[in-house]
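Subject: Structure handover

Hello,

Here is the structure we talked about handing over. Please open it alongside this email.

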Amino acid sequence: MKRTIALGAALGLFFVLPLALLLTRAFGVDWIAIWTASDNLRALQGTLITSLGAALFALTLALPIALLVTRTALPGRGLVRGLFTLPAALPPFILGMGWVSLANPKAGLLNLALGSGTFDIYGSIGISFVLGIAGLPLVFLPTVAALSRIDSSLEEAARISGAGPVRTLLTVSVPLAAPAALSGASLCFLFAASAFGVPYLLGVTATPPTPTLTTRIYAEILMGAEGLSRAVVLSLELLVIAAIVLLASRALSARGAVRLASGKGISIRPIELGRARWPLTITVFALAIALVVLPLLAVALTSVQPVWGQLSGLSTKHWSAVLANPRTIDATLRSLALATAAATLVTTFGLAIAQTKKRSLELLSTAPYAIPGTVLALALVVAFSRDVRFVFLDRIAFVFAVANTLSMLLIAYTVKHLAFGARNAADALAQVDTSLTEAARLSGASPMRAFFDATLPQLRGPLLAAFVVTFLTCVTELTLSVLLLPTGRDVLGTLLFELQSYADPGSAAVIACAFVLLVIVLQLTQAVATRKAAR
Amino acid sequence: MASVTLSSVHKAYGDTKVVKGISLELKSGGFLALLGPSGCGKTTTLRMIAGLENVDAGTIHIDSQLVDGPNVRIPPEKRELGMVFQSYAVWPHRSVKENVGYPLSLRGVSKSDIDRRVKEALDWVRLAAFADRMPSQLSGGQLQRVAIARALVAQPKVLLLDEPLSNLDMALREELRGEIAALRARLGTTMIFVTHDQHEALALADHVAVMNKGVIEQLDSPRTIYEAPATPYVAGFVGGSNLLEGTAADGTFTSHGISFVLPDSLKTVTGPGTLAVRAEAMALGQPDGTPLPLLARLFLGHSMEFRLALGDQILRVINSADEAAGTGTLTARITAAHFFPASRT
Ligand SMILES: Nc1ncnc2c1ncn2[C@@H]1O[C@H](COP(=O)(O)OP(=O)(O)OP(=O)(O)O)[C@@H](O)[C@H]1O
Ligand SMILES: [Mg+2]
């Protein structure tokens, strides 16, 4: 109980209070005027169009591919599944950089190959496209999960009734997975509406510029005190959109849950593709390579191009420059330290929250993840822009001096990603075999001892997964970092942002490459570790 | 209504041969049960008839049409069959009415005809009042009735049923068994019914094919299967007989070094073979019986089951009398049996 109160208080201080203060900031401001200012209306339009575009693009791509990998005997379907899940492990900004390298109207590799101006990645279509790819796993994974819970006899009953394979998929499999797919698509919409890095990269310098709410909020914050209240009102607008979309997604996935059985005893006999087999396989692999692998290769190529936009030999000059630059080393060390600390905090607090088994606390801990990063950062700025004093009994005083410090960023990282820890720990705890812990107790272990000896070993895999995913997300986190980092200090995210936006795509590509390598190494290590644990 | 003919049908999954040369002929309007233990290939055989699997060798005809064979693969949707699955396979996103109407809508039947025929089919399975319910609001027995109505609504050439009752509890199973029999009498549809439950097979079908490891051991009427099993396997599976390996000579049968007096009908058999003795076909406590150690005594309600040791084998004897008296050993006399001479291969 004491623990529940302490955890609740911490979440209250670092999440609920800042959001509440953000709300109070909006009092007395003429929001109608701000919401309807023409710049802001265009930003709202930009947000809605790019988010809808991203969600629709992800849905149209994810649904057929999910059908192919779950319901049919597509050759290499395991690999296809992995390739389309890959964007989940990559920062959207790096995908965006990849597409800039490919489809910048003048300097992009595709345009160099096919003639200048063939593709233009800037503007709302480009933003939708890149965010659609980055958000694809949000649609793809739940759709695959829903489709995997359909017993083949449901499809076979349709075949016997007289429906051909295509009609069977359309009238049985798709409707059954539709709630999950639509709920995923609305999450993708939310993801795109919250995104900051990609719209900034591809929208601000587009002709004409394509503003979104997040980039408007950033611009207002840069203006200082006067812009802050406008930023607050705009972030509330974003929050309203997020709330609506989240409710829609919840309602949809609840509807789907009624329809699909639990996974037990499901048997799936993959549908043979017949003559369509090879054309479909080639199409799917070509898509996966074009959408996900190609931009990463483009980033790699950019990192060894001596002059951006010219195919004139290869050179390691960016690599040596970046690796020797004290700023890079400084930022890397800082990012690694922050990410390690955040991942540790997320995992420990997530486990503590899950152990209280308090539904309300769990919900509260997952809420920050749904709040757009810009809004969360702004709320923290508003709450802690001055040192906060707590005085108890006139004597004991706490001073929170977190404004403009790295601790503020650490708090932001932790609060934002607490969901990873809490979710994973709750799922893992639900599957823990309590009889093992009870056996330890009966053998004479204290509750604490039994937890460490019997329960914790069973949680290791999921907790490690939470740690790794938090670590990877934080190492190149962009939105919170750009808004909260004290001036004069860098983390990898801000460095990437600055290099790519202003001067030096080659150097940015080096950092991006290093990060992608880190992702691959960590994911592989984790996969190996979990496999070992499972054995 | 149509006839179904299989000629030496083979099927393997990878290296495991699942169906090894099955031939059978079912006349139009007939009711065939495929009976056998788990894994013997019943479902696979049924799925090949449905077109959900294709034969590796052999042919399948429905009426005179070749539906599966070398170079011919008619897909399931073109075979005009109905099928009921063990897992119901009622579409959870469609109402009862829409589930049952689906096969008709695919055949381009007009809206009003669909309504009429769906109502009729729901009447057959006594579900007319549930037409607008969603499947999540139905019990298992009702779901299986929906599946039966859906399989029958378009007047299939053959109705295939794969253990349709095995997910239901005892009482419902008997109720639905009766309904299937009644529907069949009423509609006269050709039916093939897969089950591992011998009572179900014997009660419902007019032909029973007993399957073992991918082959049909015996295909006969239920009475013949029960009264004149063709192989020790059929006797063991259908009658629940004790199978004794041994030698017959001079009116006795010796197994594990212990001799039994043979019943009058078998006095003349001689030589090595298998004696199949039903659990009910042994009299206990008779003076001319063979004394055997008693291992256990189980009360079954209407009767008692005794477990007797015959060497390393256990004999099951079911007897209505309560032979509580005997402890340690009981004498057993065989009252009826089948003798299968050992084949000389
Ligand atoms: N798709 C498949 N791939 C590989 N092996 C299979 C496949 N389907 C069935 N088998 C194997 O073929 C054998 C026969 O299966 P089948 O389903 O026909 O048995 P069954 O008689 O219906 O048994 P049950 O009573 O358990 O349903 C089994 O050993 C099974 O494991
Ligand atoms: Mg079966």
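Below are notes on cavities, one helix and some salt bridges.

Please keep in mind that this is a predicted model.

**Cavities**

The whole-structure search turned up two cavities of 30 Å³ or more. The largest has a volume of about 110 Å³. Its lining counts 14 residues. Nearest its centre lie Ser161(A), Leu81(B), Gly82(B), Arg150(B) and Ala151(B). Three elements give two or more residues each to this lining: α8 (152-161) of chain A, and β7 (82-84) and α4 (140-152) of chain B. The largest share, three residues, comes from α8(A). By class, the lining has eight nonpolar, three polar and three charged residues.

The second largest cavity holds about 30 Å³ of space. Its lining consists of Val125(B), Arg145(B), Ile148(B), Leu176(B), Glu179(B), Ile180(B) and Leu183(B). Here α4 and α5 (170-187) of chain B each give two or more residues. The largest share, four residues, is from α5(B). Five of the lining residues are nonpolar, none is polar and two are charged.

**Helix α13(A)**

This helix covers residues 277-303 of chain A. With 27 residues at 1.5 Å a residue, α13(A) should span 39 Å. Its end C-alpha atoms are 38 Å apart, so the two values agree. Where does α13(A) bend? The bend is at Val293(A), by about 40°. A proline, Pro295(A), follows within four residues. Pro295(A) is also one of the buried residues of α13(A), which include Leu291(A), Val292(A) and Leu296(A).

**Salt bridges**

Over all chains, the search finds 31 salt bridges. Three are worth a look.

- Glu156(A) pairs with Arg269(A), with the closest N and O atoms 2.9 Å apart. Glu156(A) sits in α8, and Arg269(A) in the loop between α12 (225-259) and α13 of chain A, 113 residues apart. Glu156(A) counts as buried because its relative accessibility is 7%. Arg269(A), at 29%, is partly exposed.
- Arg334(A) meets Asp330(A) at 3.1 Å, N to O. The two are four residues apart in helix α15 (residues 326-356) of chain A, so about one helical turn separates them. Arg334(A) is buried, at 17% relative accessible area. Asp330(A) is partly exposed, at 38%.
- Arg145(B) meets Glu175(B) at 2.7 Å, N to O. This pair links α4 and α5 of chain B, 30 residues apart. Arg145(B) is buried, at 7%, whereas Glu175(B) is partly exposed, at 37%. Arg145(B) also lines the second largest cavity.

One network, joined by salt bridges that share partners, takes in Glu156(A), Arg269(A), Arg47(B) and Glu53(B).

Best wishes

Terms used
Residues numbered from 1 in each chain as written. Chains lettered and ligands numbered in written order. Predicted model: local features only at pLDDT ≥ 70, side-chain atom pairs only at ≥ 80, totals over all residues. Heavy atoms only, no water. 1 Å grid on protein atoms, 1.4 Å probe; cavity = no way out; pocket = protein on both sides within 12 Å on 5 of 7 lines; lining within 4 Å. Points joined across faces, edges and corners; volume = space filled by probe spheres on them. Nonpolar A, V, L, I, M, F, W, Y, C, P; charged D, E, K, R; others polar. Expected span 1.5 Å × (residues − 1). Bend = angle between axes of the 7 residues up to and from the residue. Buried < 20%, exposed > 50% of the residue type's maximum accessible area, 1.4 Å probe, protein only. Salt bridge = Lys/Arg side-chain N within 4 Å of Asp/Glu carboxyl O.
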